[in-house]
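Visitor: I'd like to go through this model with you, mainly how its sheets and cores are put together. Could we start with the sheets?

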Amino acid sequence: MRIVDMSRLAPGPYATMLLADMGAEVIVIGGGRAGLPLEVVSRGKTFVSLDLKSEAGRDALLRLVAEADVFVESFRPGVADRLGAGYEQLRDVRPDLIYCSLTGYGQTGPMSAAAGHDINYIAMAGMLGAMGPKDGPPTPPLNLVADFAGGSLLAALSISTALYERKLSGQGQHLDIAMIDGVRSMMAMHYEMWGTPANPSRGAGMMNGDAPFYRCYECSDGRYVAVGSLEPQFFAALWTTLELGEVPAQYPRTQWPAIEHTLSETFLSRTRDEWAELFGGTDACVSPVLDPDEVNTEPHMAHRHGTSFTQGVPPIPLLSRTPSTAGGTDQTDRTEEVLLRLGMSAEEVAAAHDTTESTGLTGWPDM
């Protein structure tokens, strides 16, 4: 499978990195002030730079698409059309093309052309309003939910599904992947729970830090453990492992202050890692809260994926017969190599090649 990728920043490039890990050939088109995608999501890809303001650059794009299965872009609606890279334009050269548009608000609707980021999309989808403490503002969970889950993962799933459907119908299609839609889909259970005793409001309920058996506790070294003892058998395992005596009634809210006080005082008596060792092998659902730089060497993670990934992540998921492979990361401009392979002359390649020094965002701004 060959993917031509014109997306930038995180969601599109992460989606195509996942597909590259699983064997897709990904050709990234840059040029002008667009810059390069973040290096951490660029492994296994080939990079070219085209001047899409020139006839030669647009012709080179069409030649690439004519031999591609998938095209990915993350512009606001209408921008790709102005660049000569809209769905209808590219479908003329590849009728069965799977064309993926990955945006925050989607291709249609009053906000389709609005600027935004992860925090805006989870706010609009009703997720952010349900997260964070009851006595403080909503707290965004990094940019994981809209960008990577509602955007990247949904795009990769949709592309894979559309490719399978193409085998049946012989037809391509336009995928309108909106991050607000992805977040909305993931909220299915929590929309139903909102306003009920399980989740009456932000900061109150079973799974948002209010229940003493589903929250984090500070340890003697200032680090934390995560307690997820939701079910009675897990809560009993928690209580008995801590040797706290008779197991109290778990679910009556009148019991929660006393349970929380007991657990808070108890967990402050040892370090995080001492608690992790004690709870290892139990069904109490207690885990150490790891910092990002501790994950690679954590024994379970190391067993599954090794410890060699100092940047980025190992190839995931684990497939038994066709395992994913993390290709090397090389953002070298290979425009000449790729376009000559398409049969273009050296003169055509030179006319299509954009050699302008990028001024686009290639990483995080200096803080």
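Visitor: What is the order of the 3 strands in the antiparallel open sheet?

Guide: The order is 7-8-9, with antiparallel pairing, where strands are DSSP runs of E of at least two residues, helices are DSSP runs of H or I of at least four residues, both numbered from the N terminus, and two strands pair if DSSP finds at least two bridges between them. This is a predicted model, in which local features need pLDDT of at least 70 and side-chain atom pairs count only at pLDDT 80 or more, whereas totals for chains, interfaces and linings use all residues. Residues are numbered from 1 along each chain as its sequence is written, and side-chain values use heavy atoms, with hydrogens and water left out.

Visitor: And which strands stand at the edges there?

Guide: Strand 7 (214-218) and strand 9 (286-288) do, each having a single partner strand, so one side of each is left without a neighbour in the sheet. Neighbouring strands of this sheet are turned by 25° against each other on average, direction ignored; axes are lines fitted to C-alpha atoms, for helices over the stretch in contact, and angles run from 0 to 180 degrees between N-to-C directions.

Visitor: How many bridges join strand 7 to strand 8?

Guide: There are 5 bridges between strand 7 and strand 8 (residues 224-228), which run antiparallel, and Cys216 stands opposite Ala226 in strand 8. Helix 10 (residues 256-267) lies across strand 7 and strand 8, at about 40° to strand 7, with contact meaning heavy atoms within 4.5 Å.

Visitor: Since Cys216 came up, how many disulfides does a search of the whole structure find?

Guide: The search finds 0 disulfides, a disulfide being a pair of cysteine sulfur atoms within 2.5 Å. Cys285, for instance, is in no disulfide, and the nearest cysteine sulfur, that of Cys216, is 14 Å away.

Visitor: Is Cys285 buried or exposed, or in between?

Guide: Cys285 is partly exposed, with a relative accessible area of 32%, while Cys100 is buried at 0%; buried means under 20% relative accessible area, exposed over 50%, and partly exposed in between, for a 1.4 Å probe and protein chains only.

Visitor: OK, the other sheet now. What order do its 6 strands have?

Guide: The order in that open sheet is 3-2-1-4-5-6, with parallel pairing. Strand 3 and strand 6 (173-178) stand at the edges with a single partner strand each, so one side of each lacks a neighbour in the sheet. On average, neighbouring strands are turned by 20° against each other, direction ignored.

Visitor: What packs on it?

Guide: Helix 2 (residues 55-66) does, touching strand 1, strand 2, strand 3 and strand 4, with its direction at about 165° to that of strand 2. Ala56, Gly57, Ala60, Leu61, Leu64 and Val65 are buried in helix 2. Helix 7 (residues 179-186) lies across strand 5 and strand 6, running at about 70° to strand 6.

Visitor: Which residues of strand 4 are buried, and on which sides?

Guide: Both faces of strand 4 (residues 70-73) are covered, with Val70 and Val72 buried on one side and Phe71 and Glu73 buried on the other. Strand 4 pairs in the parallel sense with strand 1 (residues 2-5) over 3 bridges, and with strand 5 (residues 98-103) over 4 bridges. The bridge partner of Asp5 in strand 4 is Val72, and that of Phe71 in strand 5 is Tyr99.

Visitor: Which residues touch the most other members in the largest nonpolar core?

Guide: Of its 32 residues, they are Ile3, Val70, Cys100, Ile122, Ile159, Leu175 and Val183, a nonpolar core being a set of buried Ala, Val, Leu, Ile, Met, Phe, Trp, Tyr and Cys residues joined through side-chain atoms within 4.5 Å. Helix 6 (144-169) is one of the elements giving two or more residues to this core, and the largest share, 6 residues, comes from helix 6. Apart from this core lies another, of 26 residues, among them Met6, Ile27, Ala85 and Ala352.
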